[in-house]
Amino acid sequence: MNEVAIHMADVGYQSGDKWLLQGVTATLARGRTAAVIGPSGAGKSTLLSLCNLLRTPTAGRIEVDGQDIRDWPVQRLRQKVGMVFQAATMFPGSVEDNVLFGLKLHNRPLTDAGRLLELVDLPRELLTKPASDLSGGQQQRVALARTLAMEPEVLLLDEVTSALDVHAKREVEETLLEIRSRLHTTMLWVTHDLRQARRVADDIWFLTAGRLVEDGPAERLLVEPATAELRSFLAQAEEGEA
Ligand SMILES: Nc1ncnc2c1ncn2[C@@H]1O[C@H](COP(=O)(O)OP(=O)(O)OP(=O)(O)O)[C@@H](O)[C@H]1O
């Protein structure tokens, strides 16, 4: 197994005549979590969407496990690199139908959906309930269980707690951290919440205006940012927290 989970080399993404990302080069080692931070519109979601080919990079290359993602069969890539979004989408049907959705779609052996629910701290009694009856926090956990059913090695998390109230946010965050320590999942975690980034990140990727301005260990970047851009971003975010 490759020690590098994700490697990006000079990655760019163009939409129309606008480059939404340019010259992104970064490496995420297996088992680590990088918090992707930066101002609104910096390209954070775009960067995530390139990693499982929801969008195709216009320039450069992205490797997962040492292999160019364009060489992966896309279903295999998406099984290996799972994604969870800000607003959990529940499919019509029961919680169980939702948890097993990906496995059925890919004709994979069905697993114990109750065990997956327990992994995300939900009681298995919920399996038979209509998914639409659950609270936002519970739906986000079901979305996570649905992704975990595919046994991904990498999780792309796009503001997964930002639609939740403070209590549910901390709970879903804790669940993710437990999953990480149990399954050693590598995570690329977009967040607007600097406090959350401090709690969860091994590494920081700081994007602004489509460029990766700084990346490296969180304990260094969050304490001694090298660039004026990151310094000013952190100062503003800290002001917002006060
Ligand atoms: N398909 C598209 N075509 C053109 N522009 C787009 C497209 N998708 C996103 N954008 C623009 O690209 C830029 C980057 O968007 P993106 O959603 O990746 O940023 P972000 O850092 O995740 O922002 P936020 O923190 O607000 O979610 C924004 O200016 C956005 O308006």
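Two strands pair if DSSP finds at least two bridges between them. Keep that in mind for the sheets on this tour.

**Before you start**

This is a predicted model. The mean pLDDT of the protein is 94, and 100% of its residues reach 70 or more. The model scores ipTM 0.91 and pTM 0.93.

**Stop 1: strand 9 and its partners**

Select residues 203-208, which are strand 9. Six of the six residues are buried, so strand 9 is largely enclosed by the rest of the structure. Now show the side chains. Asp203, Trp205 and Leu207 point one way, while Ile204, Phe206 and Thr208 point the other way. In a regular strand the side chains alternate between the two faces of the sheet.

Add residues 211-217, strand 10. Strand 10 pairs with strand 9 in the antiparallel sense, over six bridges. Click Phe206: its bridge partner in strand 10 is Glu214. Two residues sit between the strands of this hairpin. Look there for Ala209, which takes a positive phi near 45°.

Next, add residues 33-37, strand 3. Strand 3 and strand 9 run parallel and are joined by four bridges. Ala35 has Ile204 as its bridge partner in strand 9.

**Stop 2: the nonpolar core**

Keep Ala35 and Ile204 selected, then add Val36 and Leu188. These four have the most contacts inside the largest nonpolar core, which has 66 residues. In soluble globular proteins, nonpolar side chains tend to be buried together.

Center on Val36. Which residues is Val36 in contact with, leaving aside its neighbours within four places in sequence? They are Lys44, Leu47, Leu188, Trp189, Val190, Trp205 and Leu207. Trp205 and Leu207 are back in strand 9, pointing one way together with Asp203.

**Stop 3: the ligand**

Lys44 leads to the next view. Select the ligand and its shell: Ser15, Lys18, Leu20, Gly38, Ser40, Gly41, Ala42, Gly43, Lys44, Ser45 and Thr46. Strand 2 (18-29) and helix 1 (44-51) are the elements that give two or more residues to this shell. Helix 1 gives the most, with three residues. Color by class, and you should find two nonpolar, seven polar and two charged residues.

**Stop 4: the open sheet**

Follow strand 2 away from the ligand. Four strands form an open sheet in the order 2-1-4-5, with antiparallel pairing. Strand 2 and strand 5 (67-68) are the edges, and each pairs on one side only. Zoom in on strand 4, residues 59-64. Two bridges link strand 4 to strand 5. Val64 has Gln67 as its bridge partner in strand 5.

**Stop 5: the loops**

Select the loop between helix 5 (113-119) and helix 6 (136-148), where Asp121 lies. Most residues other than glycine have a negative phi, and most peptide bonds are trans. Asp121 has a positive phi of about 60° although it is not a glycine. Asp121 is partly exposed, with 16 other C-beta atoms within 10 Å.

Thr128 lies in the loop between helix 5 and helix 6 too. Is Thr128 buried or exposed? Thr128 counts as exposed, because it has 10 C-beta neighbours inside 10 Å. Leaving aside neighbours within four places in sequence, Thr128 is in contact with Ser94 and Glu96. Thr128 and Gly93 are 35 residues apart in sequence, and 8.9 Å apart in space, C-alpha to C-alpha.

Finish at Glu159, in the loop between strand 7 (154-158) and helix 7 (166-183). Glu159 has a positive phi of about 50° although it is not a glycine. Glu159 counts as buried, with 20 C-beta neighbours inside 10 Å.

Note on methods. Residues numbered from 1 in each chain as written. Predicted model: local features only at pLDDT ≥ 70, side-chain atom pairs only at ≥ 80, totals over all residues. Core = buried A, V, L, I, M, F, W, Y, C linked by C-beta atoms within 7 Å. Buried ≥ 20, exposed ≤ 12 C-beta atoms within 10 Å, placed from the backbone. Contact = placed C-beta atoms within 7 Å. pLDDT = per-residue confidence, 0-100. Near = placed C-beta within 6 Å. Nonpolar A, V, L, I, M, F, W, Y, C, P; charged D, E, K, R; others polar.
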